[in-house]
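Good morning, everyone, and thank you for making time for this. Please look at the chain on the screen while I talk, and turn it slowly as we go from one region to the next.

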Amino acid sequence: MFTDESDYCAFLGGDNTGFERLVIRYKDGLIYYLNQIIKNITVAEDLAQDAFVEVYVHNERFVPGKASFKTYLYTIGHHKAVDYVRKSQREVLTDFHEDEETAMSGSEGPEVHLLEQEGKEELYRALDGLKEEYQRILVLTELEGMKLKDAAKVMGKTEPQAKVLAHRARKALLLSLQSKLG
């Protein structure tokens with residue numbers, strides 16, 4: 001099994017398949033995270049690509065063991081998104097929708113898929129109704145599975161600040177979901 005560190009070391013040694021595995025592993029999650037910040041999936045895809053290009057071009061900057069590759073990559077992506085927002089000063093709302101063909105390729109029947117999709121859409125609608133910082137911390141910790149300390153680094157916060165933010169975000173999400181359910 002390939003690890004982030006082994007893939008990165010292979011990439012540094014001239015094996016581009018190591019870098020390709022890292023891109024495949026983190027591309028979708030990074031795009032989703034960036035889309036939570038800028039609310040434009042096309043721009044999020046471009047910014048994610050820019051983040052990977054930066055890692056590729058400046059490969060000497062990442063030091064395995066100092067931080068996880070995922071934290072390093074998401075930090076680069078986060079900074080690119082913040083820079084984009086500062087430069088553009090406009091918001092474009094884009095709904096997150098899963099590709100129908102990919103979603104229907106599972107072994108379950110269409111009824112099960114439809115119920116799962118409705119639940120996901122309700123969750124994403126509730127997430128979209130939260131403050132941006134709440135969305136970001138929940139995406140990083142709950143959907144991306146980052147440790148709190150890594151999410152704090154990505155967001156430029158201390159670990160205690162991220163802990164409080166995550167607690168408040170979960171509470172706000174629960175209240176939002178409860179109010180929608182009645």
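Let me begin with a question: is Tyr56 buried, partly exposed or exposed? Please keep in mind, before we answer, that this is a predicted model. Tyr56 sits in helix 3, and its relative accessible area is 38%, which means that Tyr56 counts as partly exposed, since that class lies between the 20% limit for buried and the 50% limit for exposed. Tyr56 also has company at the surface, for together with Val53 and Val57 it forms a nonpolar patch, and the three residues have about 270 Å² of accessible area between them.

Now let us step back and look at the whole chain. There are nine helices and zero strands, so that, reading from the N terminus, the order of elements is simply α-α-α-α-α-α-α-α-α. The chain has 182 residues, and 37% of them are buried. About 10900 Å² of the chain is exposed, and carbon and sulfur atoms supply 54% of that area. If we take the contacts between residues at least 6 apart in sequence, 62% of them join residues at least 24 apart.

Let me turn to an example of such contacts in the interior, and here I would ask you to find Ile37, which lies in helix 2. Ile37 has a relative accessible area of 4%, and because buried means under 20%, Ile37 belongs to the buried residues. Which residues does Ile37 touch, if we leave out those up to four places away in sequence? The answer is His78, Ala81, Val85, Glu132 and Arg136. One of these partners, Val85, is 48 residues away from Ile37 in sequence, and yet the two C-alpha atoms are 8.4 Å apart in space.

Another partner of Ile37 is Arg136, and Arg136 is placed in helix 7, which covers residues 132-143. Although arginine is counted as a positive residue, Arg136 is buried here, with a relative accessible area of 12%. Apart from residues up to four places away in sequence, Arg136 touches Tyr33, Ile37, His78 and Met155, and if you compare the two lists, you will find His78 in the one for Ile37 and again in the one for Arg136.

From here we move to the charged pairs, where the count comes to ten salt bridges. The side chains of Arg21 and Asp7 meet in one of them, with a distance of 2.7 Å from N to O. This pair links distant parts of the chain, as Arg21 belongs to helix 2 and Asp7 to helix 1, and the two are 14 residues apart. How accessible is Asp7, buried or exposed? Asp7 is buried, at 0% relative accessibility, whereas Arg21 is partly exposed, at 21%.

Asp7 forms a salt bridge with Arg25 as well, and there the closest N and O atoms are 2.6 Å apart. Again the pair links distant parts of the chain, with Asp7 in helix 1 and Arg25 in helix 2, 18 residues apart. Arg25 is partly exposed, with a relative accessibility of 33%.

A further salt bridge joins Lys157 to Glu133, with 2.8 Å between the closest N and O atoms. Lys157 lies in the loop between helix 8 and helix 9, while Glu133 lies in helix 7, 24 residues apart from it in sequence. Both residues are partly exposed, Lys157 at 25% and Glu133 at 33%. Returning to the first group, salt bridges that share partners join Asp4, Asp7, Arg21 and Arg25 into one network.

Let me finish at the surface. Lys66, Lys147, Lys149 and Lys153 form a positive patch there. Lys66 is found in the loop between helix 3 and helix 4, and because exposed means over 50%, its relative accessibility of 70% places Lys66 among the exposed residues. Asp28, in helix 2, also counts as exposed, at 52%. Asp28 and Glu45 are 17 residues apart in sequence, and their C-alpha atoms are 8.8 Å apart.

Definitions and conventions:
Residues numbered from 1 in each chain as written. Predicted model: local features only at pLDDT ≥ 70, side-chain atom pairs only at ≥ 80, totals over all residues. Heavy atoms only, no water. Patch = residues over 30% accessible without salt bridge, like charges linked within 9 Å, V, L, I, M, F, W, Y side chains within 5 Å. Areas by Shrake-Rupley, 256 points an atom, 1.4 Å probe, with all protein chains shown as cover. Salt bridge = Lys/Arg side-chain N within 4 Å of Asp/Glu carboxyl O. Charge placed at Lys NZ, Arg CZ, Asp CG, Glu CD. Helix = DSSP H or I, 4+ residues; strand = E, 2+ residues; numbered from the N terminus. Buried < 20%, exposed > 50% of the residue type's maximum accessible area, 1.4 Å probe, protein only. Contact = heavy atoms within 4.5 Å.
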